[in-house]
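Visitor: Please pick one part of this structure and take me through it slowly, then show me how it fits with what surrounds it.

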Protein chains: 2
Amino acid sequence: MLGVMTDRDGRLSIGELAARSGVAPSALRYYEELGLIHSERTSGNQRRYPRTALRRVAFVRAAQRVGLSLEEVRVALDRLPADRAPNATEWNTVARTWQRRIDDRIAELERLKERLTGCIGCGCLSLRKCGLYNPHDVAGTRGSGARYLMEETEPEPEPVEAGRCR
Amino acid sequence: MLGVMTDRDGRLSIGELAARSGVAPSALRYYEELGLIHSERTSGNQRRYPRTALRRVAFVRAAQRVGLSLEEVRVALDRLPADRAPNATEWNTVARTWQRRIDDRIAELERLKERLTGCIGCGCLSLRKCGLYNPHDVAGTRGSGARYLMEETEPEPEPVEAGRCR
DNA sequence: TTGCAACCTCAAGTCGCCTTGAGGTCAAGT
DNA sequence: ACTTGACCTCAAGGCGACTTGAGGTTGCAA
């Protein structure tokens, strides 16, 4: 039988944290290396995580799904105390900026969807009208960054067949 | 002066496609290797892309932002003809499944946001109430898959201080 | 015809995010 | 005392999505 590895004082071993968070021990060590979570060590050099690590890990995973890199998450989490549970103010600061990211992401998806909807039913008989070819969200892209896809002059030398997207 | 490399018949060289799509030639070759786009070759072995490649590339980039892997995109695009422009039916099939993905993704973000909002103002004084600790979206995760984070019996041996999240 | 950018292939490198493995230690039950 | 599983470190490997570089070819135009 697997004993509960939780200390009396509520600290968690890496295995415990892994089981409770659903994140592999190797990933947790990696997160710790990056400074996303912090631990103390037992006399025998084993990690013991404060309870707050659970919240931090949950935050990390959720943030990843929103599209944040671990580095971005680190910056966000740096506003929280490493050991202590955050108070309302501390947490709210982090949560609010995070909410903004979510809103942005949602808005982006909505725009994308709208464009696609325009294409369905073949509203894109004309290339110039097709949203897929005219994304306006250059700002949001990182790295290579999308340029405007179609702003050339008349890209349609061939006659448009009704009922066809091109 | 850079001449327009577009053939009379509307086929695009890789450089042209790169310029118009905002995607690097190396990436385009990679996409082609993966079967996301297709080209024919000139007598001199240079790629010539059909116009539809532009739409495909736009689709790929947009899909990536929604969180799809290139493999998933390939599966989606396999429903479209390689050379010919898709007709309304073909395109709609693809677009609609894609819309579903977007909707799912938006819904997920909404849930996430709601949970966070619950935490703001410290609605999570009790761990059992905190959405961050009780994500219901196990289904949507791929790979290692998040388990339930807190379903243990009473995880709070210590007294809860008012005004503090843990 | 010559020059040069744009193209080709193929191998290797990069970056983020982890996982795997070797080799060794710690701690709890029998 | 011994065994066993959870833990430790450190180095290397893997995967997705590309980029970079070497070494060579094509194609347009002056």
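Guide: Happily! One term first: two residues are in contact if their C-beta atoms, placed from the backbone, lie within 7 Å. Please keep in mind that this is a predicted model.

Let's begin with α1 of chain B, which spans residues 14-21. Four of its residues are buried, namely B:I14, B:L17, B:R20 and B:S21. When you look down the axis of α1(B), those buried residues stay within an arc of 135 degrees, so they line one face of the helix. The cover over them includes α2, β2 and α3 (52-66), which belong to chain B. Just after the helix comes B:G22, with a positive phi near 80 degrees.

Now follow α1(B) to the DNA. Along with α2 (25-33) and α4 (70-77) of chain A, α1 of chain B gives at least two residues to the surface near DNA strand C. Both chains therefore have a part in that surface, as the helices named here come from A and from B. α2(A) makes the largest contribution, with three residues. There are 24 residues around strand C, and the ones that come nearest are A:A27, A:G44, A:L70, B:G15 and B:R47. By residue class, the surface near strand C holds eight nonpolar, 14 polar and two charged residues.

Turn to DNA strand D and look at the helices there. At least two residues each come from α1 (14-21) of chain A and from α2 (25-34) and α4 (70-77) of chain B. Of the 23 residues around strand D, those coming nearest are A:G15, A:R47, B:A27, B:G44 and B:L70. Here the surface divides into seven nonpolar, 13 polar and three charged residues.

One of the residues nearest strand C, A:G44, deserves a stop of its own. You will find A:G44 in the loop that joins β1 (40-41) to β2 (47-48) in chain A. A residue counts as exposed if 12 or fewer other C-beta atoms lie within 10 Å of its own. A:G44 has 5 such neighbours, so it is exposed. Between the C-alpha atoms of A:G44 and A:W91, which are 47 residues apart along the chain, the separation is 33 Å.

That loop between β1 and β2 of chain A also holds A:N45. Its phi is near 70 degrees, a positive value in a residue other than glycine. A:N45 is exposed because it has 6 C-beta neighbours inside 10 Å. In chain B, look at B:N45, which sits in the loop between β1 (40-41) and β2 (47-48). B:N45 is not a glycine, yet its phi is positive at about 70 degrees. With 6 C-beta neighbours inside 10 Å, B:N45 is exposed as well.

From the loops, let's move inward. The largest nonpolar core has 27 residues, and A:L17, A:I37, A:A53, A:V57 and A:V60 touch the most other members. At least two residues of this core come from each of α1, α2, α3 (52-66), α4 and α5 (88-119) of chain A and from α5 (88-119) of chain B. Its largest share, eight residues, is supplied by α3(A). For a single residue within it, take A:V57: leaving aside residues up to four places away in sequence, A:V57 touches A:L17, A:S21, A:V23 and A:I37. Apart from this core there is another, of 26 residues, including B:V23, B:I37, B:Y49 and B:A62.

α4(A) ties the last two themes together, as a helix that supplies residues to the surface near strand C and to the largest core. The buried residues in α4(A) are A:V73, A:A76 and A:L77. Viewed down the helix axis, these buried residues fall within an arc of 90 degrees, so they line one face of α4(A).

Finally, step back to chain A as a whole. Chain A contains five helices and two strands, in the order α-α-β-β-α-α-α from the N terminus on. Of its 166 residues, 30% are buried. Among its contacts between residues at least 6 apart in sequence, 44% join residues at least 24 apart. An unreviewed UniProt entry annotates residues 11-79 of chain A as "domain: HTH merR-type". That span is 58% helix and 6% strand, and its end C-alpha atoms lie 22 Å apart.

Notes
Residues are numbered from 1 along each chain as its sequence is written. Chains are lettered from A and ligands numbered from 1 in the order in which they are written. This is a predicted model: local features need pLDDT of at least 70, side-chain atom pairs count only at pLDDT 80 or more; totals for chains, interfaces and linings use all residues. A residue is near a molecule or strand if its C-beta atom, placed from the backbone, lies within 6 Å of it. Ala, Val, Leu, Ile, Met, Phe, Trp, Tyr, Cys and Pro count as nonpolar, Asp, Glu, Lys and Arg as charged, and the others, Gly among them, as polar. UniProt positions are given in the numbering used here, feature names are shortened, and annotations may be inferred rather than shown by experiment. A residue is buried if 20 or more other C-beta atoms lie within 10 Å of its own, exposed if 12 or fewer, and partly exposed in between; C-beta atoms are placed from the backbone. A nonpolar core is a set of buried Ala, Val, Leu, Ile, Met, Phe, Trp, Tyr and Cys residues joined through C-beta atoms within 7 Å. The arc is that of the directions from the helix axis to the C-beta atoms.
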